[in-house]
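Q: Could we go through this structure together? I would like to begin with how strands are paired.

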Amino acid sequence: MANIIKVQKGTKDILPQEISLWYKMEDNARKIFSNAGYGELRTPIFEATELFARGVGDTTDIVNKEMYTFEKSERSLTLRPENTAGVVRAFIENGMHRLSAPVKLWYKGPMFRYERPQAGRQRQFHQVGVEMFGIKDATADAEIIELAVSYLKSLGLNDLDVEINSLGCPNCRENFKKQLREVLKPYFNDLCEDCQTRYEKNPLRLLDCKVESCKSIFEKPEVKQVIQGDFICDECSEHFEQLKTYLDALNIKYSVNKLLVRGLDYYNRTVFEIKSNNLGSQNAVCGGGRYDSLVKNLGGEDTPAIGFAMGMERLYSLMEKSPDNKLDAFVVSTDKTEALKLVKYLRDNNKKTDFDFNGKKFTKQMEKASKVAKFAVILGEDEIANNTISVKNLETSEQITINRENLLNNI
Ligand code: HAM
């Protein structure tokens, strides 16, 4: 026998019995986001590598370790590891800054990161997300977080924790980075290798480290004092306070997590994550935040922006699985021509219908019907001769014989 070729590590087939929940995630996104004025944007799955290096940031794990990069015609291309950079490219390239603000966009689709696969972490995964351009005010931050929560609720996911933080602006952040470097200096040799690199390049990212020995350093009183201290400037602080007031008014429960810094470089001010207690270590279903400099950094007009993305595989694993719907009808007949005609008639009338292609014995067909359908629609010799039809309710076992024209009213 020939070798079996398997699906690649960190990738998955989405099977027909799973698809109804994927339809639900997509349909609810379309409904809820378009109600709030967001239009769907579909960008290509690969982009110039430089877009992500400049957009996501070359000190991030995503850019340094996780990109699927390849060359074609001497161009370096990368499968998108996330979609904010691609959306910003499309925003600039299509002159969307000329539209009246806010410009609101949503998307869904596959993303690619070369990470170590584990529960909730794949190399090809799907995101659904939104991005809003042109509004600096904290009302935009409130709308974005509210939209994320509403969408999750529509999928039956109510029991989730919203965590927020403010990373301040480049000015206040510089000060914080300096303080952080200073207080961590005596512990430099105890930091993990990644954190030693981060220490120089982007010390804020240290706070995101999951290595126990680093985490214990952040617990040292003098380090904790710097982390928990209010480093953000008055203007950033006012923006954050305003956001909290809006979230309170919208009855959205949240907690402030000062260690929340996110794994991408483009953020400033508000960052947030929505987490579940039922997902193990990969517990974030949603991550987002404000990125007021990205449009300008990628060559566009200075435009504030904010958005989020959710991992659809993680949403899927939290959604309640109800057994897939049964067929409306299973046609039982030993006359295959009559069966084909009746199946077509029922399908034309929007009844989910199937039949036995091999014309097996009547009892075998009835057995199959009772497993897969709500009703058996029986076309035996008597029924064909009398132009009638029998309908058996497979839940109650009740059977009636009726005129054919009454069929649709009885299933
Ligand atoms: P992110 O936090 O990198 O943010 O990803 C958002 C969500 O995608 C995560 O919370 C998680 O649910 C899911 N996700 C990420 N990596 C994986 C993976 N390897 N396997 C399965 N799920 C994964 C972003 O991507 C930003 N672009 C979000 C954003 C939009 N910020 C502003 N606008």
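A: Let us begin with a definition: two strands pair if DSSP finds at least two bridges between them. Please note also that this is a predicted model.

Q: How many bridges join strand E9 to E10?
A: Strand E9, residues 268-275, is joined to E10 by 6 bridges, and the two strands run antiparallel.

Q: Which residue of E10 does Phe272 stand opposite?
A: The residue opposite Phe272 is Gly288 in E10.

Q: And in what sense do E10 and strand E11 pair?
A: E10 and E11 (residues 305-311) pair in the antiparallel sense, over 5 bridges. Within E11, Gly307 is the bridge partner of Gly289.

Q: Is strand E10 largely enclosed or open, and why?
A: Strand E10 covers residues 284-290, and 7 of its 7 residues are buried, so the strand is largely enclosed by the rest of the structure. Buried here means under 20% relative accessible area.

Q: A change of topic: where is Glu26 placed?
A: Glu26 is in helix H1, which comprises residues 19-35.

Q: Is Glu26 buried or exposed?
A: Glu26 is partly exposed, because its relative accessible area is 22% and the partly exposed class lies between under 20% and over 50%.

Q: Which residues does Glu26 touch?
A: Leaving aside residues up to four places away in sequence, Glu26 touches Trp106, Lys108 and Met312. Glu26 and Met312 are 286 residues apart in sequence, and their C-alpha atoms are 9.5 Å apart in space.

Q: Finally, what domains is the protein chain divided into?
A: The chain is divided into domain 1 (19-169 + 250-318), domain 2 (171-231) and domain 3 (327-410). The C-alpha centres of domain 1 and domain 3 are 49 Å apart.

Notes:
Residues are numbered from 1 along each chain as its sequence is written. This is a predicted model: local features need pLDDT of at least 70, side-chain atom pairs count only at pLDDT 80 or more; totals for chains, interfaces and linings use all residues. Side-chain values use heavy atoms; hydrogens and water are left out. Domain bounds come from an automatic or database domain assignment. Buried means under 20% relative accessible area, exposed over 50%, partly exposed in between (1.4 Å probe, protein chains only). Helices (H or I, at least four residues) and strands (E, at least two) are DSSP runs, numbered from the N terminus. Contact means heavy atoms within 4.5 Å.
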